[in-house]
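Here is a short report on a protein model. It looks at one helix, then at some paired strands, then at two domains.

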There are 2 protein chains.
Amino acid sequence: MSVEWTKNAAGRLVPSELNGEKQIPYMGVGKYKPKGRKYGPTITSNADFPNDGNKLLKDLKTALQKAGLKDGMTISTHHHLRNGDFLANQIFDIAKEMGVKNLRWFPSAAFPIHKHLIQYLEDGTIHHIEGSMNGPLGKFVSEGKMKGAGMLRSHGGRYQAVQDGEVKIDIAVISAPTADSFGNANGLYGPSASGLLGFALADSQYAEKVIVVTDNLVDFPCIPWQIQGNYVDFTVKVEKLGNSEEIISGTTQITKSPDRLFLAELTAKFCDAAGIIKDGFSFQSGAGGTSLAVGEFFKEIMIKKAIKARFARGGSNKYLVSMLEEGLVDYILDGQTFDLDGVRSMSENPGHTWTSPFTSYNYHSKGNFAGMVDVVILGATEVDLDFNANVVTHSDGYLLHGIGGWQNCLFSKTVILPIPLFRDRIPVIKDRVTTLCGPGELIDVIITERGIAINPLRKDLIDKVKNSGLPVKSIEELYEEAIKICGKPEEPVLGEKVIAGIKWVDGTLIDVVREVRT
Amino acid sequence: MSVEWTKNAAGRLVPSELNGEKQIPYMGVGKYKPKGRKYGPTITSNADFPNDGNKLLKDLKTALQKAGLKDGMTISTHHHLRNGDFLANQIFDIAKEMGVKNLRWFPSAAFPIHKHLIQYLEDGTIHHIEGSMNGPLGKFVSEGKMKGAGMLRSHGGRYQAVQDGEVKIDIAVISAPTADSFGNANGLYGPSASGLLGFALADSQYAEKVIVVTDNLVDFPCIPWQIQGNYVDFTVKVEKLGNSEEIISGTTQITKSPDRLFLAELTAKFCDAAGIIKDGFSFQSGAGGTSLAVGEFFKEIMIKKAIKARFARGGSNKYLVSMLEEGLVDYILDGQTFDLDGVRSMSENPGHTWTSPFTSYNYHSKGNFAGMVDVVILGATEVDLDFNANVVTHSDGYLLHGIGGWQNCLFSKTVILPIPLFRDRIPVIKDRVTTLCGPGELIDVIITERGIAINPLRKDLIDKVKNSGLPVKSIEELYEEAIKICGKPEEPVLGEKVIAGIKWVDGTLIDVVREVRT
């Protein structure tokens with residue numbers, strides 16, 4: 001089958017196949033209608049599992065062998081243990097030892113600790129990675145050194161791909177901070193506590209074989225069961241799942257940078273002027289320094305107005321927890337926990353609820369939570385004059401970030417990107433983004449230190465802030481200002497080789513990333 | 001296709017099809033190995049659902065129309081509202097009004113309040129019922145008056161049938177004591193609080209269209225979400241879901257009958273003598289008067305021994321809640337809540353955990369909770385000399401009870417049936433049970449007021465109670481004793497017509513029920 005290239009609805013050239021798998025070009029927001037049925041995992045019988053529920057095996061190698069690990073399989077892991085995760089590296093050490101080749105690694109995200117796996121990408125143990133490849137792995141892949149092409153999906157897109165059978169997981173290995181021998185598991189307790197385990201949900205439900213690995217084995221029942229043992233084939237007890245200092249930060253910190261604080265304050269002022277901060281509203285902002293600061297400015301405004309939010313979505317941290325505990329938000333709908341206060345709160349506060357990519361983000365569903373959020377604060381590496389944005393590559397072409405929940409959050413009622421006008425003297429607003437991750441029609445406001453650009457599609461917002469005194473400009477004005485200061489940046493030199501595909505939330509291909517010529 | 005009859009592994013004649021659907025004869029415990037894949041529901045897109053998550057329609061009729069209600073469809077409901085449920089009757093009132101015919105009603109159980117539906121069984125609105133048909137519906141069906149044959153499944157078997165695609169639900173209508181407009185729902189709060197909603201889980205996950213109906217609409221997010229709105233198509237607000245007095249009893253009561261108290265005490269003494277009541281053990285007993293009393297005798301023994309149980313499974317009630325709150329059990333794994341104390345405890349005690357037929361009972365899984373329970377106390381209408389038991393028909397042939405979780409619980413480590421030796425002068429131990437529901441190899445002990453019979457397969461139990469002074473006899477001795485007192489009972493006069501099939505936990509046909517000649 002020869003690969004054909006077509007221009008998708010966003011004007012990006014995309015191939016008809018990648019890694020030998022057929023691709024559907026992006027058709028526009030909400031335009032692609034899936035056909036067919038969700039993936040049906042193999043029906044199993046209790047008769048093939050121990051009647052007393054004890055599925056404990058002596059070690060991970062035994063479990064991988066019993067799961068039938070062999071050439072060409074897809075092995076999934078999740079990233080709740082972040083840069084403290086020991087397990088993914090161990091899996092592929094064992095695969096190497098067993099002489100297994102051409103595996104597809106399907107993590108929900110990879111971290112710098114996984115640079116250990118570069119040797120296995122080089123020697124053919126791993127064929128390619130589908131999942132975000134932050135840092136060293138991103139650099140390796142960007143330079144064209146991975147055999148297959150990577151595939152980047154949003155958190156919701158990953159669930160969608162598994163649910164729809166686009167990615168069939170042969171073996172899911174779930175790092176579980178607490179578990180019983182039946183396989184019920186949670187992330188709330190134990191030396192490797194990570195908060196929740198939602199990123200492993202799809203893997204548990206749809207993988208052919210599921211292995212739960214824990215360093216905190218408790219008697220049945222492990223409660224709560226964020227992962228249900230009824231989906232689990234084997235359990236394994238290990239000494240140490242990960243490095244707790246890198247799993248979760250002891251504490252998250254608000255930015256001290258005056259520039260970022262300025263952006264954060266401007267963002268909060270904009271939301272206030274636009275009438276978004278009102279009683280019963282909802283918001284989502286990340287755990288980065290600027291986002292945390294936005295939350296704190298929201299808090300000030302809410303206290304002044306004597307109002308509360310109905311819910312806050314997103315990763316939890318001590319600032320959000322304090323808002324919950326002070327009664328300023330009714331609920332935290334938590335997707336991943338960023339600090340110890342988040343973990344504590346999740347086990348203590350009934351209003352601190354764990355969510356999953358299924359409930360929050362899956363687009364091939366009957367709705368998800370993202371659309372119910374009044375305002376979401378996100379980042380971007382680049383934005384173009386049509387508000388299209390990039391979140392995975394830098395302007396030098398290097399693929400250094402994952403999509404995370406970013407694409408999914410674009411469905412919130414108002415999407416705001418507080419970004420500096422330039423970074424290292426490279427303008428952030430460009431003629432054309434290096435990689436397209438999010439269509440401009442879903443991005444409403446760009447907030448920079450030199451002015452605010454509102455997407456012309458959002459006439460309502462433009463009207464609302466008209467007399468607010470806020471520095472509203474057109475995106476073209478901001479673009480010109482940056483060029484005036486930095487000059488027009490050179491385009492990166494990219495090769496022909498496609499090193500990764502970028503999926504839209506519906507499984508269509510919105511863009512590809514090409515290798516960087518070094 | 002002509003129907004063929006074969007003797008299944010339990011020696012019962014079963015047909016090759018029922019209601020035009022192919023049947024697999026029961027092959028023995030754990031012998032039938034399913035092939036194929038779980039049912040894959042249609043993939044949906046968020047693009048077809050309101051972006052703000054508000055799926056509220058003006059009434060149930062509109063929702064049924066939008067769901068495409070038409071002739072021959074399968075409509076499912078659940079029974080958490082028990083005899084207080086208004087909804088099932090309303091659905092078929094609307095179907096009748098719309099002139100829709102030949103529906104299959106697939107409730108998790110029917111109650112006397114649903115005798116309202118007999119008119120629709122007569123006029124062809126409903127073709128047949130698959131689900132337990134307690135009381136008046138059971139009588140109607142027993143007399144051969146339903147067009148199709150009924151199909152009885154255990155709670156776990158119902159989940160299995162839906163999961164495996166044996167029963168395809170067109171429209172699930174979920175009675176939700178609390179819900180938001182997105183469809184997140186729970187049974188914990190509101191005027192129609194029922195505790196949990198686990199019996200509707202499979203329906204929400206696998207039905208083509210899902211309607212959530214509530215009389216207690218709350219702002220998003222409805223927390224906890226026992227049913228996830230991501231599976232829900234439409235939501236409806238009604239004035240009143242049901243009659244709260246019949247949904248849940250104000251209080252459950254232990255039997256005052258001296259005969260039953262004697263049976264309960266004997267059961268507890270047996271468990272103690274057999275070494276079952278030890279620190280960290282687990283048990284399940286129902287909410288009937290005798291079962292409650294067994295729990296209270298367990299409690300006395302536990303206090304005397306200064307031990308506690310790890311968990312108690314099954315329906316919750318004030319007695320079980322008191323054990324939880326006094327620290328005598330670590331966890332209640334609750335399948336349905338029987339009284340107001342149960343509902344209160346579930347919302348207050350983290351150790352009071354809700355389960356579902358998926359986690360507790362599904363046999364086409366990777367294990368379930370039933371096998372992990374040390375001892376389960378169950379009832380039966382009849383038992384034979386091989387310990388085979390009946391739980392659905394009376395000795396006069398009438399089908400008056402559902403299977404409930406009974407078959408699923410047989411997988412517990414020790415299964416005890418405390419039953420009177422005779423009821424209304426009809427012996428309970430028979431040569432042959434009227435309807436076979438559970439294979440004798442899974443039933444360990446029969447406890448009657450005139451002696452205890454232990455299944456010869458359980459040599460370990462026989463040894464353990466050898467010198468206990470307990471009145472252990474052979475089942476044949478008990479059988480003879482009953483006949484000596486009551487005389488040999490007459491067999492009921494049954495017709496040829498099959499009025500219902502009885503499924504085993506793996507979807508095979510273990511027996512059929514024939515009409516009663518009146």
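## A helix and its cover

In the helix α8(B), the buried residues are Arg260(B), Leu263(B), Ala264(B), Leu266(B), Thr267(B), Ala268(B), Phe270(B), Cys271(B) and Asp272(B). Keep in mind that this is a predicted model. An α-helix has 3.6 residues a turn, so residues three or four places apart point the same way.

What covers the buried residues of α8(B)? The cover includes α9 (289–305), β19 (375–377), β22 (414–418), β26 (445–448) and β27 (451–454) of chain B.

Now check the length. Helix α8 of chain B covers residues 258–273, which makes 16 residues. At 1.5 Å a residue they should span 22 Å, and the end C-alpha atoms are 22 Å apart, so the two values agree. Just after α8(B) comes Gly275(B), with a positive phi of about 80 degrees.

## Strands in chain A

Strand β6 of chain A (residues 74–77) pairs with two strands, as the table shows.

| Partner of β6(A) | Residues | Bridges | Direction | Opposite Ile75(A) |
|---|---|---|---|---|
| β7(A) | 103–107 | four | parallel | Trp105(A) |
| β10(A) | 171–176 | two | parallel | Ile171(A) |

Helix α2 of chain A (residues 87–98) joins in too: β6(A), α2 and β7(A) form a right-handed β-α-β unit.

## Two domains

Chain A is divided into domain 1 (56–130 + 167–247) and domain 2 (258–494). Their C-alpha centres lie 32 Å apart. Domain 1 of chain A gives twelve residues to the contact, and domain 2 of chain A gives 14 residues. On the domain 1 side, seven residues are nonpolar, five are polar and none is charged.

Methods:
Residues numbered from 1 in each chain as written. Chains lettered and ligands numbered in written order. Predicted model: local features only at pLDDT ≥ 70, side-chain atom pairs only at ≥ 80, totals over all residues. Pairing = 2+ DSSP bridges. Right-handed = clockwise from strand over helix to strand, strands pointing away. Domains from an automatic or database assignment. Contact = placed C-beta atoms within 7 Å. Nonpolar A, V, L, I, M, F, W, Y, C, P; charged D, E, K, R; others polar. Expected span 1.5 Å × (residues − 1). Buried ≥ 20, exposed ≤ 12 C-beta atoms within 10 Å, placed from the backbone.
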